[in-house]
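User: I would like to go through the labels used for this structure and ask what stands behind each of them.

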Amino acid sequence: MSTALSPSRPAAQRPGLTAIRDALRAEWVKQRTASSAAWLLAGLIAATVAISAAAIAANRCPAGLTCPVDTTKLSLTGVEFGEAVVAILAVLPICNEYSTGMIRVTLAAMPRRAVVVAVKAAIVSGMVLAAGIVAVLACVLAGRLILPGHGFSPARGFPPLSLADGPTLRAAAGSVLYLGLIALLSVGVAAIVRDSAVTIGAVLGLLYLFPVIATFVGNMTWHNRLERYTPLAGLNIQATTGLRSLPISPWAGLGVLAVWAMIALVGGALSVRLRDA
Amino acid sequence: MTSGSIATERPDVSRSRAAARVGFGPAIRSEWVKFRSVRGWIIGMIVAGLLVLLTGVFLAGNGSIGCQNGPNSPALTGKACLPPVPIGPGGEAVSDSFYFVHQPLVGNGSITIRVTALTGIYTQGLAQVGQAPPPAHKGLEPWAKAGIIIKASTRPGSAYAAMMVTGSHGVRMQYDYTSDVAGLPGLASAASPRWLRLTRSGDTIAGYDSADGRHWALVGTAHLTGLSRAVQAGMFAATPPYNKATTSLFGGSDQGGPALATGSFDNLGLRGNWPAGAWSGVNIGTNKLTPRSPGGFRRAGSAFAVSGSGDIAPLAPGPLSPIPSTTVEEPLAGVFVGLIAVVVVAAMFFTVEYRRGLIRVTLAATPHRGRVLAAKAIVIGSVAFITGLAASILAVWLGLPKERNVGEYVLPVSTFTEVRVIVGTAAFVAVAAVLAVAIGAILRRSAAAVTTVIGLIVLPFLLSVTVLPVSVADWVLRITPAAGLAIQQSIPNYPQLSTNASAAAGVYPLTPWAGFAVLCLYAVAALAMAAVLLRRRDA
C-alpha cells in the first residue's frame with residue numbers, strides 16, 4: 001500500500017515551477033485549440049467598441065447648454081456590455097470540461113485541484129486582459145475622434161481624450177482590470193456551479209440586475225449601498241469628473257469587485273477540491 | 001409481387017396515421033414528465049418566482065417623502081404630505097388647478113372671446129428663507145394654457161370642456177382631462193389673434209376657433225354626462241411649473257421652478273342666461289407639495305388679463321408629477337430579476353437534450369420534430385406563466401400597501417387595466433420562456449442560448465434605463481423584445497402632458513399590446529426558425 005502511494009506523492013504534493021508551467025501550458029493549448037475562445041475574444045472587442053461608439057454618437061451637447069457629461073466614462077460605456085462576452089469566455093473552459101467529462105482527465109493529470117482552478121483563471125484572465133487593452137484603446141480613440149464633432153469641443157471645456165491625462169489613464173487602465181476581474185469572478189462561479197447555462201445566468205444576473213435595481217430603488221440609502229457593495233462598484237473606476245459625489249472612490253470600487261472575484265475564486269477552488277468531479 | 005408489397009405498405013400508413021392522431025398529447029405529457037422530474041428546474045422556477053416577488057416588494061415604496069406647510073412649520077413625512085387628489089369623470093387621478101374667472105351659466109348658451117396674447121414668467125428654483133427671491137425670467141412652458149372653459153362646478157375634478165391657446169401647441173380643445181383635440185396652429189398675438197367659442201346645448205359642448213372672428217371652424221364636441229342646468233363658465237389661465245431637463249448620459253438633471261402664465265382677452269361675447277352679471281376670480285385646487293405662483297385677473301373696460309398656474313390634465317408618473325405618484329405596476333419591476341432564472345431553465349429545457357444525446361430518444365419516440373418543439377414550448381410557457389402569475393399577484397398584493405404607507409399616491413386604474421398589468425406580466429415571462437426554448441433549439445448550447453436571450457431582452461432594457469438618451473432608448477424599446485414590458489404600463493402616454501418620463505419611470509414608447517406583440521413576433525420567428533432547423537439538421 002505505502003509503496004504504491006509513495007511514487008505519486010512527490011509529483012502531487014510539491015508542484016514545482018515545472019508542474020505549474022506544464023499546467024499553464026496544458027490550459028493554454030486547450031484554449032488555443034478551441035475555436036470558440038478566438039471568436040469570443042473578437043466578439044468582446046467588437047461588442048465593447050461598437051456599444052461605446054454608439055453611446056458616444058447618441059450623445060450631443062447642443063450649443064448654449066452646459067453638458068454635465070463625463071466624456072471618458074461615456075467613451076468607456078461599452079465595457080459594461082463587453083463584460084457579458086467576458087462572462088461566457090471565462091465560464092466555458094470549466095463548464096465545458098464538466099459537461100463532457102473532460103474534467104476527470106484534467107484532474108487525473110493535475111491532481112492538485114486548486115492549481116487547476118488557478119491556472120484556468122490565469123489563462124482566461126490573461127486573454128481577457130489582452131483583448132481588453134485593445135478594446136479600451138479603441139474606445140478611447142473613438143471618443144477622441146467622435147466627441148469634438150458632437151459639441152464636446154476643447155473650446156467648451158472638453159479637451160480631447162488622451163491617455164496622457166491622469167484620470168483618463170486611470171479610467172482606461174482600470175477598465176481593462178475591471179474586465180480581468182469579471183473573468184476571475186466568472187471562473188470562480190463556474191467552478192462552484194459547473195453547469196454553463198446556470199453559471200451564465202448567475203454571472204449575468206450578478207452583473208446586470210444590480211444596476212437595474214439601483215435605477216429603480218427610490219431610497220437613496222439603498223441606492224448608495226447597492227453602488228458601494230455590489231460588483232457594480234467596480235465601474236466607478238471609469239469616472240473622471242465629480243469624483244467627490246461618487247458613492248465610492250474609483251480604486252476602492254475596483255477593490256470591491258476584486259473582493260467579489262476573490263470570494264468566488266476561493267469558493268470555486270474549495271468546491272472543486274471538496275466535491276467529486 | 002405487386003399485391004404483396006401493397007399489403008405490407010398498408011399497415012405502415014395506418015400506423016403513422018394513428019401516431020399522428022395520438023402524437024401530440026403524449027408529446028406534451030412526456031415533456032411535462034421531463035420537466036417535473038428534474039429537481040433543478042423546479043427549484044429554478046421557484047427561485048424565479050421568489051426573485052420577482054422579493055425584488056418587487058423591496059423596490060415598492062422605497063422612496064422617502066418629506067414636506068413642509070410653510071417656512072416655519074414642522075417638517076412632515078410620508079402620508080401627511082399627500083394632498084387630496086381629485087378624481088376626474090373617467091375615474092382617473094387628475095390635477096385640476098388653475099385661475100378661474102367665472103360666473104354661472106344657466107341652461108344653454110355660449111361664450112366667445114378673442115385672445116391677443118399668452119405670456120409667461122418663471123423662476124429657477126424656489127425662494128429660500130431669508131434670501132431675495134430668485135429673479136423672474138420671461139418664457140412659456142409648452143403646455144401653458146389660457147382660454148375659456150365651461151365646468152360643472154368649481155370642485156376640482158369636476159367635468160369640463162375648454163378652448164385654449166397654448167405655449168407651443170396652438171389652439172386646443174380639451175375636455176374631461178384626458179381628451180385633447182388640435183385646432184389652429186401658432187401662438188396668439190396682437191397681430192394674429194385667436195378667437196375661441198364654446199357653445200353649450202344640454203350635455204353637449206362644442207368648441208370652435210377662428211382667426212378673424214367671422215369664419216369659424218368646429219374643433220371638437222364634448223359630451224359631459226350629468227351636467228346640471230347651472231354650470232360655471234368663464235376665462236382661465238394655468239401653466240405647469242417651469243422645467244428644463246438636460247438629459248444626458250448617467251442621469252439627466254431637472255431644473256424647475258414656479259411659473260405663471262397670463263392670457264390677454266377682449267371682445268368677450270356671452271349668449272344665454274348669465275344671471276350673476278359680474279365676474280369673480282378664484283384659484284381652483286391647492287397643493288402644498290408644489291409651490292404655485294398666486295394667480296389673479298385684471299379688467300380694463302372690455303379687456304381682461306388672467307394669470308394662473310397649475311394644470312388641468314390627468315396625472316401621470318414621472319419626475320414632473322405634482323405629487324409623489326406611483327403606479328400599480330411598480331411592485332412588478334422585479335420581473336427582470338426573475339426573468340433571468342426563467343430564461344436559464346427554458347433554454348436548458350432544450351439544450352440538455354443535446355448534451356446527453358437524449359434528443360435521439362426523444363425524436364425516436366416523437367418522430368414529428370415540430371411537435372417536440374411545440375410540446376416543449378407549451379410546457380415551459382405554461383410553467384413560466386403560472387410562476388409569473390403567482391409572483392405578480394403576490395407582489396402587487398404586498399407591494400401596493402407598502403407604497404401607500406410611505407405616502408406615495410397609487411394612480412387609480414380600472415380593474416380591467418389592473419388585471420391586464422398582472423396577467424400581462426405573467427404572459428411576458430411565458431413568452432420570454434418560449435423565446436428562450438426556441439433559441440435553445442436553434443443554438444443547441446446552453447451558454448450561447450442563455451446569453452443570446454439575456455442580450456435580447458435584459459440588455460436593451462438595461463441600456464435604455466441607464467445610459468441611452470431618451471430619443472435612442474425609445475427606438476430600442478420599440479424594436480427589441482424588451483418592448484414587451486410595455487404590457488405593464490397602466491397609465492397611458494398623454495400627449496397633452498410634458499412628463500419627461502422614460503422607461504425608468506415605467507413609460508414605454510409603444511402601447512401595451514403593441515409592445516407585447518413585438519415580443520410575440522420575436523418568439524414566433526424564433527419558433528419557426530427552430531422548427532425548420534430541427535427538421536433539416538441531424539440530431
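The exchange below takes the labels one at a time.

User: What kind of model is this, and how are residues, chains and atoms treated?

Analyst: This is a predicted model, in which local features need pLDDT of at least 70 and side-chain atom pairs count only at pLDDT 80 or more, while totals for chains, interfaces and linings use all residues. Residues are numbered from 1 along each chain as its sequence is written, chains are lettered from A and ligands numbered from 1 in the order in which they are written, and side-chain values use heavy atoms, with hydrogens and water left out.

User: What makes up chain A in terms of helices and strands?

Analyst: Chain A has 12 helices and zero strands. Helices (H or I, at least four residues) and strands (E, at least two) are DSSP runs, numbered from the N terminus. The C-alpha atoms of chain A fill a box of roughly 85 × 40 × 30 Å along the principal axes.

User: How many of the residues in chain A are buried?

Analyst: Of the 277 residues in chain A, 52% are buried. Buried means under 20% relative accessible area, exposed over 50%, and partly exposed in between (1.4 Å probe, protein chains only).

User: Why is Arg114(B) called partly exposed, and why is Asp266(B) called buried?

Analyst: Arg114(B) has 23% relative accessibility, so it counts as partly exposed. Asp266(B) has 17%, and therefore counts as buried.

User: Why is the pair Arg114(B) and Asp266(B) called a salt bridge?

Analyst: The closest N and O atoms of Arg114(B) and Asp266(B) are 2.9 Å apart. A salt bridge is a side-chain nitrogen of Lys or Arg within 4 Å of a carboxyl oxygen of Asp or Glu, so the pair qualifies. The pair links distant parts of the chain: Arg114(B) is in strand S4 (residues 98-123) of chain B and Asp266(B) in strand S16 (residues 259-273) of chain B, 152 residues apart.

User: What is the distance in the salt bridge between Asp311(B) and Lys145(B), and where do the two residues lie?

Analyst: For Asp311(B) and Lys145(B) the closest N and O atoms are 3.0 Å apart. Asp311(B) is in the loop between strand S19 (303-308) and strand S20 (312-314) of chain B, whereas Lys145(B) is in strand S6 (residues 145-151) of chain B, 166 residues apart. Asp311(B) and Lys145(B) are both buried.

User: What joins Glu353(B) and Lys376(B)?

Analyst: Their side chains meet in a salt bridge of 2.7 Å, N to O. Glu353(B) is in helix H4 (residues 335-355) of chain B and Lys376(B) in helix H6 (residues 369-405) of chain B, 23 residues apart. Both Glu353(B) and Lys376(B) are buried.

User: How many salt bridges are found over all chains?

Analyst: The search of the whole structure finds 12.

User: Why does Asp70(A) have no salt bridge?

Analyst: The nearest side chain of opposite charge to Asp70(A), Lys73(A), is 6.4 Å away, so the pair does not meet the salt-bridge limit. In this count Lys and Arg are positive and Asp and Glu negative, with His and the chain ends not counted. Asp70(A) is nevertheless buried, in the loop between helix H4 (35-58) and helix H5 (71-75) of chain A.

User: What makes the pair Asp70(A) and Thr240(A) a polar contact?

Analyst: Their side chains are joined at 2.6 Å. A polar contact is a pair of N or O atoms within 3.5 Å; within protein, one must be able to donate a hydrogen and the other to accept it, and residues adjacent in sequence count only if both atoms are side-chain atoms. Leaving aside neighbours within four places in sequence, Asp70(A) is also in contact (heavy atoms within 4.5 Å) with residues including Gln238(A) and Thr241(A).

User: How much area do chain A and chain B bury between them, and how many residues are in contact?

Analyst: Chain A and chain B bury about 3100 Å², 80% of it on carbon and sulfur atoms. Buried area is the accessible area (1.4 Å probe) that two parts lose on being put together, summed over both. In contact are 34 residues of chain A and 33 residues of chain B. Between the two chains the count of salt bridges is zero.
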